[in-house]
Structure formats: C-alpha cells, structure tokens
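Trainee: Please take a close look at a single part of this model and describe how it is packed.

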Amino acid sequence: MGKYGYARVSTSRQQTDNQVTDLLREGVNEDSIVTETISGATSWKTRPALKRLVRKLHAGDTLIVAKLDRLGRNALDVLTLIDVLKKRGVAVRILNLGIDTSGAGGKLFLLLLAGFAEFERNIIRERVLSGLETAKARGTRLGRRPSLLEEDLAQARRLKAQGLSAREVAKLLHVSKMTAWRAMNS
C-alpha cells in the first residue's frame, strides 16, 4: 500500500515546486513523486511519465495529485483514468478538494469537477477564437509575415514576363525558389 504523487505543468516556463511540496506534506516520498511537463489536454495514455506511473501502481496503492486539473482537462479522459485505476484497486486523492475516489461520494464529486474542468477549457478556447475573429475584423493580418511585399510580387511577375526562371528570380529577390515561383504565378 504505497502513496504515489503526480505533478504536472503545461509549459517549461512553469514549475511543479508547489505541487511537489503539497505531495511531500501529504506523506508521499520524494522518490515516489513523478513530474511531467505536458499539456493537460493530452490524453493520459500519451503522457509518458503518467503512463509509466499508472503501470507501476498496484491494488491498495494511492495516487495523489494536488489539483484535479493535474490529471487532465478532458472530463472523459480523467474519468477513464480513474476508472482504470479503480478497477485495479488503486485510489485517487485530490488534495485541494479533499476528494478520495474510493467512496461513492468522492466519485460523484469528481465527475462534477471533471465536467467543470472541461467546461473551463472550452471557455478558454472560445475566448481565443473570439479574439482571433476580432483581430481579423480590425484588419490585423494573422500568421506569418509575407516574405515579399506587393512591389516584389509585381517585380517577380515582370521578371517572369521577361523570361527569367524561378531560380533566377529567387536570387534577385533573395528568397527561396518556391517563394519566387509562387510570386511569379500569383
């Protein structure tokens, strides 16, 4: 009956220090804590460290996380992970919520919270898409800046009319052959 901890952050600019401290305070040995830098939107099955930890867990063990969203942001994926663990006799504890999935009440509460985590992720996605639409409406050009200005495109077409090849135009405009070809045929 071992205690194992899992701490996750989404980017390399973030740190797991606070999560690890909470896990240590809960009595998890430092060598039983697994940390990972990967998006919470990634399925638990494709997170290398979490997948290895899940394989290592046995009946009677407890997986402890500081927060529910450390397990994931997709309700169905989190519930699948917890169900896999429960079938193997492994309990899951979420520290900041005081939830232990070994009981019926914990499972219900977890289901509700996982739904909220997915809802929050969808809200964030909607905000990003709305921001992109607003930027487009203002005339902001999204994506990479063009390699060539409008004058360069016109010059490429003129050079094509004079019989120059894409390779020759590319050298003159200091761009790749493919960029020159696109400009000549735009």
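**A helix and its neighbours**

Mentor: Across residues 2-139, the end C-alpha atoms are 58 Å apart, and this span is 47% helix and 16% strand (DSSP runs, H or I of at least four residues for helices and E of at least two for strands, numbered from the N terminus). The unreviewed UniProt entry assigns these residues, 2-139, the feature "domain: Resolvase/invertase-type recombinase catalytic"; such annotations may be inferred rather than shown by experiment. This is a predicted model, in which local features need pLDDT of at least 70 and side-chain atom pairs count only at pLDDT 80 or more, while totals for chains, interfaces and linings use all residues. Residues are numbered from 1 along each chain as its sequence is written, and side-chain values use heavy atoms, without hydrogens and water.

The part I have chosen is helix 6, residues 166-173. Its buried residues (under 20% relative accessible area, 1.4 Å probe, protein chains only) are A166, V169, A170 and L173. Seen down the helix axis, they fall within an arc of 105° (taken from the directions from the axis to the C-beta atoms), so they line one face of helix 6. R167 and K171, on the other side, are exposed (over 50%).

The buried residues of helix 6 pack against helix 5 (150-161) and helix 7. In the contact with helix 7 (heavy atoms within 4.5 Å), A166, R167, V169 and A170 meet K177, A180, W181 and M184. Just after helix 6, H174 takes a positive phi of about 60°.

Conventions: Axes are lines fitted to C-alpha atoms, for helices over the stretch in contact, and angles run from 0 to 180 degrees between N-to-C directions.
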